Each structure stands twice: as C-alpha cells, then as structure tokens.
Amino acid sequence: MTHKPAAKDRINAVRDKLGAKLRIFGHHYQHDSVLRHTDRQGDSLELSRLCAETDAEHIVFCGVHFMGESAALLARPGQRVYLPEPAADCVMSRTAPANAAMDVLRRITAAGRAVIPLAYVNTSVALKAVCGRHRGAVCTSANAETMMRWALDAAGRDGAVLFIPDKNLGSNTADRLNIPESLRLKISIREHVGLYCPQKNEINQAKLLLWPGCCAIHARFKPEQIAQLRKRHPKITIIAHPECSPDVIACSDAFGSTSRIIRYVEEAPDGAVIGIGTEWNLVHRLAQKYAGRKTILPLARSLCSHMAKVTEEKLADILEAILDGSAVPVSVDPRLAEPAKATLTRMLDACR
Ligand code: SF4
C-alpha cells in the first residue's frame, strides 16, 4: 500500500515546479497550518492591493469566497484566482442579498433622496455590482473612516449614505466621524419580501442609513467579558475589531482592523497584558508568537467556521489541480464584473 505524501510536501512540490508563476495569499484568520504556506498575509485591504499588484499567473487565495471574488475582479488579463475551498463563505456577506439592496436603494431614491451605497468588502460580487451602478464604493475595516467621508462627500449636502451590511462597523465609524445618532437610521429588512421599513420622513432626516447585518463571530464579544478580564488583570489593555458592537468598542482601549491589532501587540512593551476581541486563529497566533514576553488573552474563543474550512489538504489539492490543468478558477459574471470592480477601484483610488 502506498502512502499519500503529507500535505506540506505536496504543496512544496507544486511550489518548486511553478516558482514565480504562483502566489499564495492568506487572511489573518486562517489556521497556522495553512498560513505557513502563504507568500503574503494580510487583512482584506492589504490583500486587495497585493492582488492588484502581483504578476503571478496563478493566485491562490486562502480565505472566504468574497475575497476570491475581489481578487478575481482585480486580476490582470491572463491571471487566474483559485480558492482552496469555494464553499467557505462569509456569513455576514449573506445578510445583504443584492436584490434586497437594489429594492432598498430604489425605494430611498423614490422618496426623493440621493443616496450613495458604501459596502463593506465582505459582500458578494452581485451586491458590489449594485453599489457600483449607484456610484458607490466598498471599504474595509482598515479604511472605513476614509471611505465613509468619501461617501458623505459624494452624496452631497442633502444626500445620504447607505452602509451595507455591518451595522457595527457602520456605527463605530460614524462614532469616529462624530455623526450624531439623530442623523443615523438602522433600516429593517424583511429578507423574504425584500421590504424595508423606514418612514419617508425618517429617510429624509437621516444622513447615514445602516443595514442591519453583523458578523456572528464578533457578535459573541460582550462588555462583561472585558469587565472580567479587567478584574483579573488590572493592567490589561483591550483592543477589539470594529465588527464588535459599539458597546464593546466603548469598553475597549483601542480598536482596529486585524493589521492594526497585530501592530498594537507588536508595539506593546514586554510584560504587557492585552485582551483581544477578534477571531480566535489570530489571537492564538499572537499569543504563541509573544509567549514569555507578552500575555495575549481572547475576550472569548470565537472561531470563524467558514475560514476554518480551508485546510492544508485542500490547499495541496488545489495546487496539484492547477499543475495538472483541472483546477477551476473563480469566475465572475461578466455583467457584474465592471460595476463591481468600479467599487474596488474607487476604494483603492480614494485610499492611495
Ligand atoms: S469572521 Fe465574520 S466577517 Fe470575517 S469571514 Fe467570518 S463571518 Fe465573515
């Protein structure tokens, strides 16, 4: 009986054969067994930039589906993007179906209001296309403030911004920009009928309309967890991802994207105790990296089960399939590609 070689050996064998024709990128929430094979790691913004800059013929994206779609939108002619596990989806992205967004935009516009949609990058290509057709853009957690300012500018004095789908990132960003609560409106979506509920006068007053989605993984973090950590470790500082609720951010000492969290830990002095509110794989990696020098604690152990669907075995499988020509690249409906890509390029231009 012959044994199949270990996944890491299979991966290295393909790498040796493809050399610079292959680049593997990975999101910080990937498991270490996958991330150790990547050329570059980053948050959504950094990875979008990397995809737009690389010359490699084959790009393998270790992350969830929308990330592969964004990479495919930014790919150059002749480049192909592959996902080790196409079924790895972002649960939050599903809270914003494109047809519901289209319906909401149509109704707001019919109420006489100019509106610019600003979508979190964690959305489907179909949703991005809807935003692109309405002069909108996308943002990441790293540039949400810049992009919300951009969208408010584009909407003009009497217009509004529709932020989709993360109500927490939208609210936390609005807090940073000092947009008063009285100018914000959380809209209500009834998924099956695509209805939204605000009254016409409410729409006319609001400067910022917030879609009611959120990330289930970050919704698990609570102010009580922070209070308990502070009780046990009086010198602890807390940093949380802006997908956490505004209550959690209000109790934290800092907040930011995954890259900001990594820098925060890097820059902390030896002996620091830091509590982190984000996905478990990143917190665990930082805890191991700084073991013996800094104490890194999770607010709670919260794992993204979709990110976890990408495994070292699946990475090896897709690489071998690329080599033998059977791999299926991420494809984007050509009718959606142009308006969806426009949302990404508007973001990259605005944040250059
Ligand atoms: S952690 Fe949340 S936002 Fe990120 S991929 Fe998972 S479900 Fe989506």
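Hi everyone. Let me begin with one definition: a residue counts as near a molecule if its C-beta atom, placed from the backbone, lies within 6 Å of it. Please also keep in mind that this is a predicted model.

With that in hand, which residues are around the ligand? Going along the chain, they are Y29, V64, C90, V91, M92, N122, C215, I217, E279, C304, H306 and M307. If we sort this shell by class, nine residues are nonpolar, two are polar and one is charged.

Now let's turn to a sheet. Strands of a sheet pair through backbone hydrogen bonds, either parallel or antiparallel. Here we have an open sheet of four strands, ordered β13-β12-β14-β15, and the pairing is parallel. At its edges sit β13, residues 254-255, and β15, residues 295-298, and each of these pairs on one side only. So that you can find a spot on screen, look at β14, residues 273-277: four bridges join β14 to β15. One place to point your cursor is I274, whose bridge partner in β15 is I296.

Last, a pair of helices. Two packed helices are described by the angle between their axes and the distance between the axes. For helix α3, residues 44-53, and helix α4, residues 65-74, the axes come within 8 Å and cross at roughly 35°. Is that crossing left-handed or right-handed? It is right-handed. On the α3 side, the contact is made by S44, L47, S48, C51 and A52, while α4 brings M67, S70, A71 and L74. By class, this contact has six nonpolar and three polar residues, with no charged ones.

Thanks for listening!

Definitions and conventions: Residues numbered from 1 in each chain as written. Predicted model: local features only at pLDDT ≥ 70, side-chain atom pairs only at ≥ 80, totals over all residues. Nonpolar A, V, L, I, M, F, W, Y, C, P; charged D, E, K, R; others polar. Pairing = 2+ DSSP bridges. Helix = DSSP H or I, 4+ residues; strand = E, 2+ residues; numbered from the N terminus. Axes fitted to C-alpha atoms, helices over the stretch in contact; angles between N-to-C directions. Left-handed = near helix turned anticlockwise from the far one by under 90°. Contact = placed C-beta atoms within 7 Å.
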